[in-house]
Amino acid sequence: MSKSNKTVPKLKFNEGWSYAPAPESASHVKLQDRYDLFIGGKFVKPTSGKYFDTINPANEEKIAQVAEANSADVDKAVKAARTAYDKTWKKIPAKERGKYIYRIARMIQERARELAVIESMDGGKPIKESRDVDIPLVANHFFYYAGWADKLQYAFPNKIPRPLGVAGQIIPWNFPLLMAAWKIAPALACGNTVVLKPAETTPLTALKLAEIIQESGLPDGVVNIITGFGETGAALVNHPGIDKIAFTGSTDVGKIIQKAVAGTNKKVTLELGGKAANIIFDGAPIDQAVEGIINGIYFNQGHVCCAGSRLFVQESVYEEVLQKLKDRIETLIVGDPLDKNTDVGAINSRAQLDTINKYLQLGQDEGSEMFQGSCGLPGKGFFCKPTIFTNVAQSSRIAQEEIFGPVLTIQTFRTDDEVIEKANNTPYGLSAGVWTDKGSKIFNLTTKMRAGVVWANTYNKFDPTAPFGGYKESGYGREGGLHGLGAYLKL
Ligand code: ADP
């Protein structure tokens, strides 16, 4: 059993030397200067003729121009999806639908390296995350749902599963291609057609997916991908030809969408913000827990709705955990997302960096103590040092509001009841983590925590077969697994 070991010497790792750069090659990446809208199986110019830049947040350089869809373009895309639904997609045998989805999955695997590099260039996440987590999961989602396409009656025995029709899907910038996969794969498997809008700061991998879909021979109009800002998303939500809205993003926009669809026949699933509690009990394997905490909040710059942004440590191991966290933070490598050694990449946009910096100031103004690693930051681009706040009150805004950055608040507790009360005391309920050597504690906490996912002695583990979604202001509906199929069917 791992117990407090206060004689562990302070790590001197990385002092006076550093890793040589190990950049992933981008020479195989094929990108155009300008991307149009993918509607009805073709790339078409936007009605307004307007384009906007998508930049690399690690160096602030333009990567490409992307079309801005207005309501006329949204209308074209929805009509193309409706025609495809009526004329082809709902008529072809389910096993044929499955074949197309399998083909897309295989093509994603074949182009995995290119997609990973583009994801890191456009979004700022470290290549080891996009290469080892995002893109394999993208392919896995398509494989998983391809398998269900002709087995829906087994998934829902004694029911007659029917598609909903045309799905409007709006996704954020933190997992650009993975969110596209979460939305498109189950929708197609269930026989729906799709209009997808990626986030304005990370449109490129969705447009690459459009190229893959075009090459795959999927019938025209079954998947349409349109780029633009919030107004484009709003035009999609409000279009009368949409049967279902699937949204992942901020709680504020989720509330706008919920109001917009009230009183219509549109079905909705919302996956919104989070403020996950990660809880370390005194009997936990401390080193493993510290690594899990670091993974849960820093490895993706905290750009994860389920990021473990609030740490609760049982009082008796608090000093040990805090010291080990600080030591580990000193070893984290912050910098070029395309470098294979990088742990913490770039913040997605200047606006997001400004938001994070506002919270760093706010936390100090509220009386909390801030600790940051001593690493330097690159001169250009949007970066933030991994940060810890201690001396945090339960009511502090940094402990209540979603920061969406590499910022961890730490609080202590003595009993199970106290930590359950504290962990549940936010408007959110997306995920949580428990670190302990006692199965009984795991059962006690998982049944009492109001969170969609509770990880035990691990964190941020995803699998296409497992449903994911939130309680309270984290949204409703589930994606992944059988639940994810149900969200795209009339039963
Ligand atoms: P985040 O804070 O993660 O950027 P947002 O909710 O602002 O989350 O954005 C998520 C997605 O929602 C993006 O694709 C964005 O363009 C889109 N969006 C923003 N505002 C609206 C809106 N009013 N209606 C529909 N979609 C919107």
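**The largest pocket and its ligand**

The largest pocket holds about 1,000 Å³ of space. Keep in mind that the model is a predicted one. How can empty space be found at all? Rolling a probe the size of a water molecule over the atoms shows where such space is left.

Now for the walls. A total of 43 residues line the largest pocket, and those lying nearest its centre are Phe247, Gly249, Ser250, Thr251 and Val253. Sorted by class, the lining comes out as 20 nonpolar, 15 polar and eight charged residues. Several elements chip in: helix H8 (230–238), strand E10 (244–248), helix H9 (251–261) and helix H12 (350–365) each supply at least two residues of this lining. H9 provides the largest share of the lining, with seven residues.

The ligand sits in this largest pocket. Around the ligand there are 17 residues, and Ile171, Trp173, Lys197, Glu200 and Ser250 come nearest. Ser250 thus turns up twice, among the residues nearest the pocket centre and among those nearest the ligand. By class, the shell around the ligand consists of 10 nonpolar, five polar and two charged residues. H8 and E10 each supply at least two residues of this shell, and H8 gives the most, with three residues. The top contributor to the pocket lining, in turn, is H9.

Zooming in on single atoms, some polar atoms of the protein and the ligand pair up. The side chain of Ser250 has an N or O atom 2.7 Å from an oxygen atom of the ligand. Ile171 uses its backbone instead: one of its backbone N or O atoms lies 2.9 Å from a ligand oxygen atom. For Ala234, a polar backbone atom is 3.4 Å from a nitrogen atom of the ligand. As for cover, the ligand on its own has 560 Å² of accessible area, and the protein covers 80% of that.

Key: Residues are numbered from 1 along each chain as its sequence is written. This is a predicted model: local features need pLDDT of at least 70, side-chain atom pairs count only at pLDDT 80 or more; totals for chains, interfaces and linings use all residues. Side-chain values use heavy atoms; hydrogens and water are left out. A residue is near a molecule or strand if one of its heavy atoms lies within 4 Å of it. A polar contact is a pair of N or O atoms within 3.5 Å; within protein, one must be able to donate a hydrogen and the other to accept it, and residues adjacent in sequence count only if both atoms are side-chain atoms. Accessible areas come from the Shrake-Rupley method with a 1.4 Å probe; for residues, only the protein chains shown count as cover. On a 1 Å grid over the protein atoms alone, a cavity is a set of points where a 1.4 Å probe fits but cannot get out, and a pocket is an open set with protein on both sides within 12 Å along at least five of seven lines; lining residues have an atom within 4 Å of a point. A molecule sits in a cavity or pocket if more than half of its atoms lie within 2 Å of its grid points. Helices (H or I, at least four residues) and strands (E, at least two) are DSSP runs, numbered from the N terminus. Ala, Val, Leu, Ile, Met, Phe, Trp, Tyr, Cys and Pro count as nonpolar, Asp, Glu, Lys and Arg as charged, and the others, Gly among them, as polar. Grid points are joined across faces, edges and corners, and a volume is the space filled by probe spheres set on the points.
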